[in-house]
Amino acid sequence: MHANNTNTDGYADAREAKHDTIPSVSGLLWYVLGRAFIVTLFLGGTVVVGMSHPFAFFHFPDLRLIFLLSVTFLQICFSLLWLLLWQRRLRQFVQFQLVWDLLLCLGTVYITGGITSLFSFTFIFVILSCALVASRAELYSTVAAAVILYAGLVDLQYYGYLPLKSAVVGLSPADVMYRLFLNVAAFLLAGVLGAV
C-alpha cells in the first residue's frame, strides 16, 4: 500500500512557495534602501561618535571605517542602478547583496575589534533579511557562511594570524569560547526564526 502524500490543507505548499519566490523589484528596492539606512545608522554613527571626542581636533576617525562606509555606499548605488535599469536576474541580485552584506559585517567586526567588537549582532540582521528576500536554501547557506566567517575571524585573531587589539590579548580561552558560542548560537537561532 502506498501512503497518500498529498496535503489537504495547502498550508505547507503555500509556505514552501513563499520561500522559493523572488521578491518584486519594489520589494528589493525597499530592501536596499533599508540596508542603506542601517549602514548609515551603525557605521556612520560609529564614525561620528569617534569624532565627537573632547580632543576631536587632534583625533582623526578610523579611516578604515570611512573607507568601508564609502565602498558600501558605492555598492548601494550600483545596486539601485541594477534594480532600476536592468530588472533582470533578480536571484543573482539577491545573492550578490547577501554576499556583500556578509563581507561588510565581517569587515566591520574585524575593524571594530574582532572578538571584542560590539557589532557581531549585524550578522543577525543579514540572516533575518535573507529570510525575507531569499529561498530557504539560501537562508541556510547564509547562516552557515555567517558562522564560518565569524568563527574563522575569531580563530585567526586568537591564534595570532591577524593583528590583535590590546583588548583581545587579555581575554582568557574561556572568554573567547563563551563569546564565540554566544554569537554562533545567536546566528543559528536567527536562522531557525527566519525559516519559520
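At 11% relative accessibility, E138 counts as buried, and this glutamate makes a good starting point for a tour of the predicted model. The side chain of E138 meets that of R91 in a salt bridge, with 3.2 Å from N to O. Its partner sits in a different setting: R91 has a relative accessible area of 25% and is partly exposed. The pair links distant parts of the chain, since E138 belongs to helix α6 (residues 136-158) and R91 to helix α4, 47 residues apart. In general terms, side chains of opposite charge can pair when their charged atoms come close.

The structure holds two salt bridges. The other one joins D101 to R35, and here the closest N and O atoms are 2.9 Å apart. D101 lies in helix α4 (residues 90-111) and R35 in helix α2 (residues 25-51), so this pair ties together parts that are 66 residues apart in sequence. Both D101 and R35 are buried.

With these pairs in mind, the overall fold is easy to lay out. The chain contains eight helices and zero strands, so a walk from the N terminus meets the elements in the order α-α-α-α-α-α-α-α. Of the 196 residues, 38% count as buried. Contacts across the sequence are well represented: among those with a separation of 6 or more, 73% are between residues 24 or more positions apart. The accessible surface of the chain comes to about 11800 Å², and carbon and sulfur atoms account for 73% of that area.

Helix α6, the home of E138, deserves a closer look. This helix has 23 residues and reaches 33 Å from its first C-alpha to its last, close to the 33 Å expected at 1.5 Å a residue. Its buried residues include E138, L139, T142, V143, A146, V147, Y150 and A151. As a general rule, an α-helix has 3.6 residues a turn, so residues three or four places apart point the same way. After α6 comes G160, whose phi is positive, near 85°.

Two of the buried residues of α6, L139 and Y150, also appear in the interior packing. The largest nonpolar core has 39 residues, and L139 and Y150 are among those with the most contacts inside it, together with L28, L98, F123, I127 and F187. Helices α2, α3, α4, α5 (122-133), α6 and α8 (173-195) each supply at least two residues of this core. L28 illustrates the packing: leaving aside its neighbours within four places in sequence, L28 is in contact with P23, L83, L90, F93, V94 and V133. A second, separate core has nine residues, including V39, V47, L68 and W100. In soluble globular proteins, nonpolar side chains tend to be buried together.

Nonpolar residues also appear on the outside of the model. F78, L81, L84, L85, W86 and F96 make a nonpolar surface patch of about 620 Å². Helix α3 (residues 63-86) gives the most to this patch, with five residues. One member of the patch, L85, is found in helix α3. With a relative accessible area of 59%, L85 is exposed.

How values were computed: Residues are numbered from 1 along each chain as its sequence is written. This is a predicted model: local features need pLDDT of at least 70, side-chain atom pairs count only at pLDDT 80 or more; totals for chains, interfaces and linings use all residues. Side-chain values use heavy atoms; hydrogens and water are left out. A salt bridge is a side-chain nitrogen of Lys or Arg within 4 Å of a carboxyl oxygen of Asp or Glu. Helices (H or I, at least four residues) and strands (E, at least two) are DSSP runs, numbered from the N terminus. Buried means under 20% relative accessible area, exposed over 50%, partly exposed in between (1.4 Å probe, protein chains only). Patches are made of residues with over 30% relative accessible area and no salt bridge: like charges are joined within 9 Å, nonpolar side chains (Val, Leu, Ile, Met, Phe, Trp, Tyr) within 5 Å. Accessible areas come from the Shrake-Rupley method with a 1.4 Å probe; for residues, only the protein chains shown count as cover. A nonpolar core is a set of buried Ala, Val, Leu, Ile, Met, Phe, Trp, Tyr and Cys residues joined through side-chain atoms within 4.5 Å. Contact means heavy atoms within 4.5 Å. The expected span of a helix is 1.5 Å times one less than its number of residues.
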